[in-house]
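Biologist: Could you take me through one part of this model at close range, the strand around one buried acidic side chain and whatever it touches? I would love a connected account that I can follow with the structure open.

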Amino acid sequence: MKKALFAALPLLLLAAPAEAHHSFAAEFDGAKPIRLVGKITKLEWTNPHSYFYLDVADKSGKVASWACEGGGPGALSRRGWKKGDVKIGDTLVVDGYLSKDGTRLIDARRIKLPDGRFIYGGTPGDGGPGDGQAQNG
């Protein structure tokens with residue numbers, strides 16, 4: 001029994017990261033686009049998805065925190081976004097799609113950085129809108 005568990009351990013460890021990666025359709029609704037304009041409060045430069053968090057004011061001035069999911073650091077870096085390009089308090093414009101579960105989480109497909117550049121933020125191969133396309137302007 002111990003040998004079987006020991007032999008299975010590497011497979012379990014390999015499977016754990018795969019669970020964290022998901023297709024676009026598993027979590028987001030392609031029929032519910034949204035644009036957020038807000039100040040960045042936190043950046044998680046992690047695999048398989050990066051996350052950044054924005055404080056966004058609604059029309060009445062009430063501020064809500066939103067999580068924005070993007071591609072992994074390698075994918076974002078290849079598209080021109082380096083971790084040091086933003087700092088806490090910078091304003092970002094993010095076009096994305098709402099989470100199916102109604103939480104304040106979006107799939108960030110197009111991001112306008114503080115220097116005016118637009119970066120495609122999607123995860124390559126996730127099947128979401130614009131998957132694999134460089135989107136500028």
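Modeller: Let's start with Asp95: this residue counts as buried because its relative accessible area is 18%, under the 20% cut-off. Please keep in mind that you are looking at a predicted model. Asp95 has a charged partner, Arg110, and the closest N and O atoms of this salt bridge are 3.2 Å apart. The two residues come from distant parts of the chain, with Asp95 in strand S4 and Arg110 in strand S5 (residues 105–112), 15 residues apart. Arg110 is also classed as buried, since its relative accessible area is 16%. So both ends of this salt bridge fall in the buried class. Arg35 belongs to the picture too: salt bridges with shared partners tie Arg35, Asp95 and Arg110 into one network.

Now follow the strand itself. S4 spans residues 91–99 and runs antiparallel to S1 (residues 28–44), with eight bridges joining the two. If you want one spot to click on, Gly38 has Leu92 in S4 as its bridge partner. S1 has another neighbour as well: five bridges join S1 to strand S2 (residues 50–57), again in an antiparallel arrangement. S1 and S2 make a hairpin, and five residues lie between them. Along that pairing, Lys39 stands opposite Asp55 in S2. Another contact to look at is that of Lys42, which lies over the face of Tyr53, 5.5 Å from the ring centre.

Back on S4, there is an aromatic side to the story. The structure holds four aromatic pairs. One of them is formed by Phe24 and Tyr97, which meet edge-to-face, at 5.7 Å centre to centre and with 85 degrees between the planes. This pair also links distant parts of the chain: Phe24 sits in helix H2 (residues 24–27) and Tyr97 in strand S4, 73 residues apart. Phe24 and Tyr97 are both buried. Add Phe28 to Phe24 and Tyr97 and you have one aromatic cluster.

It helps to set the Asp95 salt bridge beside others, as the structure holds seven salt bridges. Among them is the one between Lys87 and Asp90, whose side chains meet at 3.1 Å, N to O. Here the two ends fall in opposite classes: Lys87 counts as exposed because its relative accessibility is 56%, whereas Asp90 counts as buried because its value is 13%. Another salt bridge brings together the side chains of Arg117 and Asp115, at 2.7 Å, N to O. Arg117 is partly exposed, given a relative accessible area of 30%, and Asp115 is exposed, given a relative accessibility of 53%.

Finally, a word on how far to trust the details. The chain averages a pLDDT of 82, and 79% of the residues score at least 70. Residues 4–20, however, have a pLDDT below 50, and beyond near neighbours in sequence this stretch has two contacts in the model. Where pLDDT is low, the predicted coordinates should not be read in detail.

To pull the threads together for your viewer session, begin at Asp95 and its salt bridge to Arg110, then bring in Arg35 to complete the network. From there, step across the bridges from S4 to S1 and on to S2. End at Tyr97, where the ring pairs with Phe24 and shares a cluster with Phe28.

Note on methods:
Residues are numbered from 1 along each chain as its sequence is written. This is a predicted model: local features need pLDDT of at least 70, side-chain atom pairs count only at pLDDT 80 or more; totals for chains, interfaces and linings use all residues. Side-chain values use heavy atoms; hydrogens and water are left out. Two strands pair if DSSP finds at least two bridges between them. Helices (H or I, at least four residues) and strands (E, at least two) are DSSP runs, numbered from the N terminus. Rings of Phe, Tyr and Trp (its six-membered ring) pair if their centres lie within 6.5 Å; planes under 30 degrees apart count as stacked, over 60 as edge-to-face and the rest as tilted. Buried means under 20% relative accessible area, exposed over 50%, partly exposed in between (1.4 Å probe, protein chains only). A charge sits over a ring if NZ of Lys or CZ of Arg is within 6 Å of the ring centre and within 35 degrees of the ring normal. pLDDT is the predictor's confidence in each residue, from 0 to 100. Contact means heavy atoms within 4.5 Å. A salt bridge is a side-chain nitrogen of Lys or Arg within 4 Å of a carboxyl oxygen of Asp or Glu.
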